[in-house]
Amino acid sequence: MKATARAHPIEGLVKYHGMRDHDLRLPYHDSISLCTAPSNTTTTVEFDPALDADEYVVDGDAVDGRGAERIRAVTDHVRDRAGLDHRIRLESENSFPTNIGFGSSASGFAALAMALCSAAGLDLSRPEVSTIARRGSASAARAVTGAYSHLRTGADDVDCRSERIDVADHLEEDVRIVAGMVPSYKETEAAHEEAAESHMFEGRLAHIHEQIAAERAELRDGDFEGAFERAEHDSLSLAATTMTGPAGWVYWQPRTIEIFNAVRELREEGVPVYFSVDTGASVYVNTTVDHVDRVESVVADCGVDTRVWEVGGPAEILDESEALF
């Protein structure tokens, strides 16, 4: 009763904001993202009847507090579905910096859900597994199905699940994401919890359905410029809502803005490049394989560490030889 899974983190394209149901993590509206590879989370879990309590270790550190509560919500749901009462041992490792705005909770809970289902002997499709991962992080649902995925809102697991979007081949093969790393601690969950209290939230809800439909069409048609320009504008919409909530969260740092300006200068020179930001200060810079070297150089000149990523696939079960314990 042991399994290991790997999942890639996500970059939000049309991002979700706010939760209608805190326990089930049901979002107010649909969202679309892409997975970034080779960045990943690898997680091994084992149901062990000899344990008196669950043990959670991430990147070498024991997890407690709110982090442990979120892991337990996913784990308990799998135990209930499988009819198990054994405690689990969990070890997880990330290949990229966490908690700076690069979707580590998405890859973490996607890998956890995949590994738990396999270890518990549950034979589920990825959309079904996505409903389990969602209980830890709504973005994790999309990390389960991978590549370009769409999480639909809904009142239950029948409707609120992720599905893979069929896109033009070159958007799978030629897109490159330059990660501009701007370390800054963030409180993503708190921002989601108070999103609906922003006076701009109703405005976001009013236009988000049109944005989802247009983004799907652009991805299907292979319209790089349309799809990623829309992601850039959605980043600004997300930030406006976040910054006008009760806490007035402002995540961006000076180097965040510097990268924005550098991207726009490149675009004026004819380079196909667009920025995108989730809840954090770090920046995704989306471009194509033909321009990625120049784009990475310009982003690095802003004084940040960079990595170059491409579109990643769905969460997967690994061979037992790759287990972390």
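**Close-up 1. A bridge between Ala-179 and strand 14.**
Start with Ala-179, whose bridge partner in strand 14 is Tyr-284. This is a predicted model, so keep that in mind for every view here. The wider setting is the pairing of strand 12 (residues 175-181) with strand 14, which is antiparallel and takes in six bridges.

**Close-up 2. Strand 14 and its hairpin with strand 13.**
Strand 14 also pairs with strand 13: the two run antiparallel and are joined by three bridges. One residue to look for is Tyr-274, which has Asn-286 as its bridge partner in strand 14. Together, strands 13 and 14 make a hairpin, and six residues sit between them.

**Close-up 3. Strand 14, face by face.**
How many of the residues in strand 14 (residues 283-288) are buried? Six of its six are, so the strand counts as mostly covered, buried meaning under 20% relative accessible area. Look at one side and you'll find Val-283, Val-285 and Thr-287, all buried. Look at the other and there are Tyr-284, Asn-286 and Thr-288, buried as well. In other words, both faces of this strand are covered.

**Close-up 4. Ser-276 and the residues around it.**
Now move to Ser-276, which belongs to strand 13 (residues 274-276). Is Ser-276 buried or exposed? Its relative accessible area is 0%, so Ser-276 is buried. Leaving aside residues up to four places away in sequence, Ser-276 touches Glu-11, Gly-12, Lys-15, Ala-231 and Ser-235, along with Val-283, Tyr-284 and Asn-286. With Lys-15 there is something extra to spot: the side chains of Ser-276 and Lys-15 make a polar contact at 3.3 Å.

**Close-up 5. The largest pocket and its lining.**
Time for some empty space: the largest pocket holds about 1200 Å³. Its lining is made up of 47 residues, and those nearest the centre are Arg-70, Asn-99, Ser-104, Ser-105 and Phe-109. Several elements give two or more residues to this lining, including strand 2 (10-14), strand 6 (41-48), helix 1 (65-82) and strand 9 (87-94). Helix 4 (138-145) and helix 6 (188-194) are also among them. Which element gives the most to the lining? That would be helix 2, with six residues. As for the kinds of residue that line the pocket, the split is 17 nonpolar, 18 polar and twelve charged.

Definitions and conventions:
Residues numbered from 1 in each chain as written. Predicted model: local features only at pLDDT ≥ 70, side-chain atom pairs only at ≥ 80, totals over all residues. Heavy atoms only, no water. Helix = DSSP H or I, 4+ residues; strand = E, 2+ residues; numbered from the N terminus. Buried < 20%, exposed > 50% of the residue type's maximum accessible area, 1.4 Å probe, protein only. Polar contact = N/O pair within 3.5 Å; in protein donor to acceptor, adjacent residues only side chain to side chain. Contact = heavy atoms within 4.5 Å. 1 Å grid on protein atoms, 1.4 Å probe; cavity = no way out; pocket = protein on both sides within 12 Å on 5 of 7 lines; lining within 4 Å. Points joined across faces, edges and corners; volume = space filled by probe spheres on them. Nonpolar A, V, L, I, M, F, W, Y, C, P; charged D, E, K, R; others polar. Pairing = 2+ DSSP bridges.
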